[in-house]
Amino acid sequence: MVSEPEKELRFTRSGQAVGFGVLGAVLIGAAVTLVATGAYRHINPELPHPLWALPCIVLALGCFWLTGHLARYAYVILTPLGLEIFPFFLPSKNLRLVLWQEIIVAEISDDEKWLSLHFNEEKSSGLHLSLKPIDRKFRSLLAKAVLGRVSRRNA
């Protein structure tokens, strides 16, 4: 949205990507096990057929694709205009832009899992943004950037 990308801070869903990467690795391990035990079906016919590894491989490939997608594409982008928030499903269609002028108060939870953006002094209007999809080491950077920008604007 901004013509000068060097003025943006991008945060991806890298925290979620790790879980899908691990799940993909476990599924590959299951597929290898199914193929390896399938070699002994002539000894024990009750062992599963090696073709049962195919669903595991397909799901693993899906997990690895999702891992790359989550780690590559933005979840929150801080721009000079405001915050661009991309939802998990249909991010380009359901993009939410919150202008800095709309945010009266910004708060972060003590455990850095939620960012609250309030649009009025009574804190009755606004949105809560989960920071769980963002890698733990980057949550404090996002909080510092948002809180710094909002406090600087309100000063």
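Glu-112 lies in the loop between strand 5 (105–108) and strand 6 (114–118). Its phi is near 55°, a positive value in a residue other than glycine. The model discussed here is predicted. The points below cover the loops around strands 5 to 7, the salt bridges, pairs of residues brought together in space, a nonpolar surface patch and the largest pocket.

**Loop residues with positive phi**

- Glu-112 has a relative accessibility of 26% and therefore counts as partly exposed, since the partly exposed class runs between the buried limit of under 20% and the exposed limit of over 50%.
- Lys-123 likewise is not a glycine, and its phi is positive at about 60°.
- The position of Lys-123 is in the loop between strand 6 and strand 7 (126–130).
- With 40% relative accessibility, Lys-123 counts as partly exposed.

**Salt bridges**

- The structure contains 2 salt bridges.
- One of them joins the side chains of Glu-107 and Lys-123, with an N to O distance of 2.6 Å.
- Glu-107 belongs to strand 5 and Lys-123 to the loop between strand 6 and strand 7, so this pair ties together parts that are 16 residues apart in sequence.
- Glu-107 is partly exposed, its relative accessible area being 30%, and its partner Lys-123 is also partly exposed, at 40% relative accessibility.
- A salt bridge also links the side chains of Glu-8 and Arg-10, at 3.2 Å from N to O.
- Glu-8 has 13% relative accessibility and counts as buried, whereas Arg-10 is exposed, with a relative accessible area of 51%.
- The assignment of Glu-8 follows because buried means under 20% relative accessible area, and the value for Glu-8 is 13%.

**Residues apart in sequence and their separation in space**

- Ile-104 is located in the loop between strand 4 (96–99) and strand 5, and at 24% relative accessibility it counts as partly exposed.
- Between Ile-104 and Leu-117 there are 7.6 Å in space, C-alpha to C-alpha, and the two are 13 residues apart in sequence.
- Glu-122 is placed in the loop between strand 6 and strand 7, which is also the loop in which Lys-123 is found.
- Glu-122 is exposed, with a relative accessible area of 62%.
- A distance of 9.7 Å separates the C-alpha atoms of Glu-122 and Val-105, which are 17 residues apart along the chain.
- Arg-149 is part of helix 3 (residues 136–154), and with 27% relative accessibility it counts as partly exposed.
- Arg-149 and Trp-100 are 49 residues apart in sequence, while their C-alpha atoms are 8.1 Å apart in space.

**Nonpolar surface patch**

- Ile-28, Val-32, Leu-51, Leu-54, Ile-57, Leu-61 and Phe-64 form a nonpolar patch on the surface, and together they have about 630 Å² of accessible area.
- Helix 1 (14–38) and helix 2 each contribute at least two residues to the nonpolar patch.
- Helix 2 provides the largest share of the patch, 4 residues.
- Leu-51, one of the patch residues, sits in the loop between helix 1 and helix 2.
- Leu-51 is exposed, with a relative accessible area of 55%.

**Largest pocket**

- The largest pocket holds about 270 Å³ of space.
- Its lining consists of 14 residues, and those nearest the centre of the pocket are His-69, Tyr-73, Pro-87, Phe-88 and Pro-91.
- By residue class, the lining comprises 10 nonpolar, 2 polar and 2 charged residues.
- Helix 2 (residues 53–72) gives the most to this lining, with 4 residues.
- Helix 2 thus appears in two settings: it gives the most to the lining of the largest pocket, and it supplies the largest share of the nonpolar patch.

Note on methods: Residues are numbered from 1 along each chain as its sequence is written. This is a predicted model: local features need pLDDT of at least 70, side-chain atom pairs count only at pLDDT 80 or more; totals for chains, interfaces and linings use all residues. Side-chain values use heavy atoms; hydrogens and water are left out. On a 1 Å grid over the protein atoms alone, a cavity is a set of points where a 1.4 Å probe fits but cannot get out, and a pocket is an open set with protein on both sides within 12 Å along at least five of seven lines; lining residues have an atom within 4 Å of a point. Grid points are joined across faces, edges and corners, and a volume is the space filled by probe spheres set on the points. Ala, Val, Leu, Ile, Met, Phe, Trp, Tyr, Cys and Pro count as nonpolar, Asp, Glu, Lys and Arg as charged, and the others, Gly among them, as polar. Patches are made of residues with over 30% relative accessible area and no salt bridge: like charges are joined within 9 Å, nonpolar side chains (Val, Leu, Ile, Met, Phe, Trp, Tyr) within 5 Å. Accessible areas come from the Shrake-Rupley method with a 1.4 Å probe; for residues, only the protein chains shown count as cover. A salt bridge is a side-chain nitrogen of Lys or Arg within 4 Å of a carboxyl oxygen of Asp or Glu. Buried means under 20% relative accessible area, exposed over 50%, partly exposed in between (1.4 Å probe, protein chains only).
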